[in-house]
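Welcome to a short set of exercises on reading a protein model with its ligands. Try each task with the viewer open, then compare notes with the worked solution.

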Amino acid sequence: MKKLFVKTYGCQMNAYDSAKMADLLAPLGYAQTDAAEGADMVILNTCHIREKAAEKVYSELGRLRTMKAERAKAGGQMLLAVAGCVAQAEGEEIVARQPAVDLVVGPQSYHRLPEMIARAAREHGHVLETDFPALEKFDSLPAPAQSGVSAFLTVQEGCDKFCTFCVVPYTRGSEESRPPQAILREARQLAEKGAREIVLLGQNVNAYDGPSSDNKRWSLAKLCDALAGIEGLHRIRYTTSHPRDMGDDLIAAHGENPKLMPYLHLPVQSGSDAVLEAMNRQHTADDYRRLIDRIRKARPDIALTSDFIVGFPGESDNDFQATLRLIEDIGYATAFSFKYSKRPGTPASTMRKQIADEVKVARLGELQKLLLKQQYGFDDSQIGKVLPVLFEKRARDQNQLMGRTPYLQPVHVHGDVSLLGQMADVRIEKRTANSLHGVLA
Ligand code: 5AD
Ligand code: SF4
């Protein structure tokens, strides 16, 4: 057996891709290992959304080059591959800057890895694949070899929204949806391997518009309805959504599809109309408020989460206050928040009126304080309730199990391992910093 080490950065879609790359390489004799030392192949599955992502990849590659040289001295080999969004964005620049890299493969081309490895061995050179053959890769991926209780399933990729701060439309290409039949097949395979929850992934997952075999288009709501029919599958989630793509049928599904969990990650980024406009979000803060009202009408207990950016170019104190007001109005279960930082090639990176870092730091601190207060409030509101929990794995404290509420909150419970993969009612008793604790009811 050869050893494969895959290091994953960034989002859940990358985690899905990493698992698929490992599945693809298994027939070539590669088994996964959890360290680069001693590996015959190392794949860095990179992310480009955070600041200085490329620089971090280059410094990691520097360390791996030394390791590769030592392995070569000892008579061994280490193939070095860069995958993901940095591979897509940087392309040939990567091998120019770090010649120890053998393979560069973009997120739409990694199904070609086996053939690329063969070419690298034959030609003793670098092999690059960064085309955008939209969704072609899914046809060449093997069936999932295994599954956790909760499994990711990519249904949609790419983004046509072009928010002015974001690199995704450039690294992941335009919006494409997989055919529903292929998704249902993969979901059934996952359920057979033990998946009880499926998390549908897409950069704009609610823009899902799947080309069905009968020439009709399926919406995400329709896909979720069909998935709900799969035996053994208890829960369906999806992420990440855009406010503009929140269709009426999807909103209704939250009230009607019992397997669709009451949880929605719906990033708003800012509460100021001026900033939303400069971000090219194509909706106002009040559009978002009205949308949330409609969603809550369909599913009153839904847990809402969002992403926020503070210190976008031109963001005034008033703009920032408007964001705080929006957060107060909505009431989030939890949320992610970031200081704006420039991404080369995006429109916002060259906007005048960039905001000083001290201001961003102060705003981020204030925003996160409010969000944490809301998170604790939401978590505390569950204390005393009995909730259905799906048990996913052993907790770090080995005598306990970790499961999740319908609202995605982690809960720790004393219970037998036979509960893993099962749903059980749990009485929530207390909250610690990042999780809930309860007893079987
Ligand atoms: N600066 C800060 N945050 C960003 N995000 C995307 N691009 C940037 C950027 N240039 C955040 C957005 C997005 C999340 C995944 O990352 O909030 O929703
Ligand atoms: Fe980036 Fe905006 Fe597309 Fe989300 S919707 S991936 S933030 S461009």
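The exercises below move from sheets to helices, then to ligands and backbone details.

This is a predicted model, in which local features need pLDDT of at least 70, side-chain atom pairs count only at pLDDT 80 or more, and totals for chains, interfaces and linings use all residues. Residues are numbered from 1 along each chain as its sequence is written, chains are lettered from A and ligands numbered from 1 in the order in which they are written, and side-chain values use heavy atoms, with hydrogens and water left out.

**Exercise 1. Work out the strand order of the sheet that holds β1, and find its edges.**

Step 1. Fix the terms: helices (H or I, at least four residues) and strands (E, at least two) are DSSP runs, numbered from the N terminus. Two strands pair if DSSP finds at least two bridges between them.

Step 2. Follow the pairing across the sheet. The order is β2-β1-β3-β4-β5-β6, an open sheet of 6 strands with parallel pairing.

Step 3. Look for strands with a single partner. These are β2 (30-32) and β6 (127-129), so each has one side without a neighbour in the sheet.

Step 4. Add the twist: ignoring direction, neighbouring strands are turned by 20° against each other on average. For such angles, axes are lines fitted to C-alpha atoms, for helices over the stretch in contact, and angles run from 0 to 180 degrees between N-to-C directions.

Step 5. Place a helix on the sheet. Helix α1 (residues 12-25) touches β1, β2, β3 (41-46) and β4 (79-83), and its direction makes about 155° with that of β3. Contact here means heavy atoms within 4.5 Å.

Step 6. Check one pair of strands. β1 (residues 2-8) is joined to β2 by 3 bridges in the parallel sense, and leucine 4 stands opposite glutamine 32 in β2.

**Exercise 2. Describe how β20 is joined to β17 and β21.**

Step 1. Start with β17 (residues 386-394): this strand runs antiparallel to β20 (residues 423-431), with 5 bridges between them. Valine 389 faces alanine 424 of β20.

Step 2. Move on to β21 (residues 436-440), which is also antiparallel to β20 and joined to that strand by 5 bridges. Arginine 431 has leucine 436 in β21 as its bridge partner.

Step 3. Inspect the connection: β20 and β21 form a hairpin, and 4 residues lie between them.

**Exercise 3. Characterise the packing of α13 with α14.**

Step 1. Get the geometry. The axes of α13 (residues 317-330) and α14 (residues 357-380) come within 10 Å and cross at roughly 5°.

Step 2. Classify the angle. The helices are roughly parallel, since angles under 35 degrees count as roughly parallel, over 145 as roughly antiparallel, 65 to 115 as roughly perpendicular and the rest as oblique.

Step 3. List the residues that meet. From α13 come Asp317, Phe320, Thr323, Leu324, Ile327 and Glu328, and from α14 Arg363, Glu366, Leu367, Leu370, Leu371 and Gln374.

Step 4. Sort them: 6 are nonpolar, 2 polar and 4 charged. Ala, Val, Leu, Ile, Met, Phe, Trp, Tyr, Cys and Pro count as nonpolar, Asp, Glu, Lys and Arg as charged, and the others, Gly among them, as polar.

**Exercise 4. Map the surroundings of ligand 1 and ligand 2.**

Step 1. Collect the shell of ligand 1, taking residues with a heavy atom within 4 Å. Among them are Ile49, Arg50, Phe165, Gln269, Asp307, Phe338 and Ser341.

Step 2. Find polar contacts (a pair of N or O atoms within 3.5 Å; within protein, one must be able to donate a hydrogen and the other to accept it, and residues adjacent in sequence count only if both atoms are side-chain atoms). A nitrogen atom of ligand 1 lies 3.0 Å from a backbone N or O atom of phenylalanine 165. The side chain of aspartate 307 has an N or O atom 2.6 Å from an oxygen atom of ligand 1. For serine 341, a polar backbone atom is 2.8 Å from a nitrogen atom of the ligand.

Step 3. Turn to ligand 2, whose shell includes Cys159, Cys163, Phe165, Cys166, Asn204, His242 and Arg281. The shell divides into 7 nonpolar, 2 polar and 2 charged residues.

**Exercise 5. Locate the backbone features at threonine 240 and glutamine 282.**

Step 1. Check omega: the peptide bond joining threonine 239 and threonine 240 is cis, at about 0°. Threonine 240 sits in the loop between β13 (235-239) and α10 (248-256).

Step 2. Check phi: glutamine 282 is not a glycine, yet has a positive phi of about 65°. Its loop lies between α11 (273-278) and α12 (285-298).
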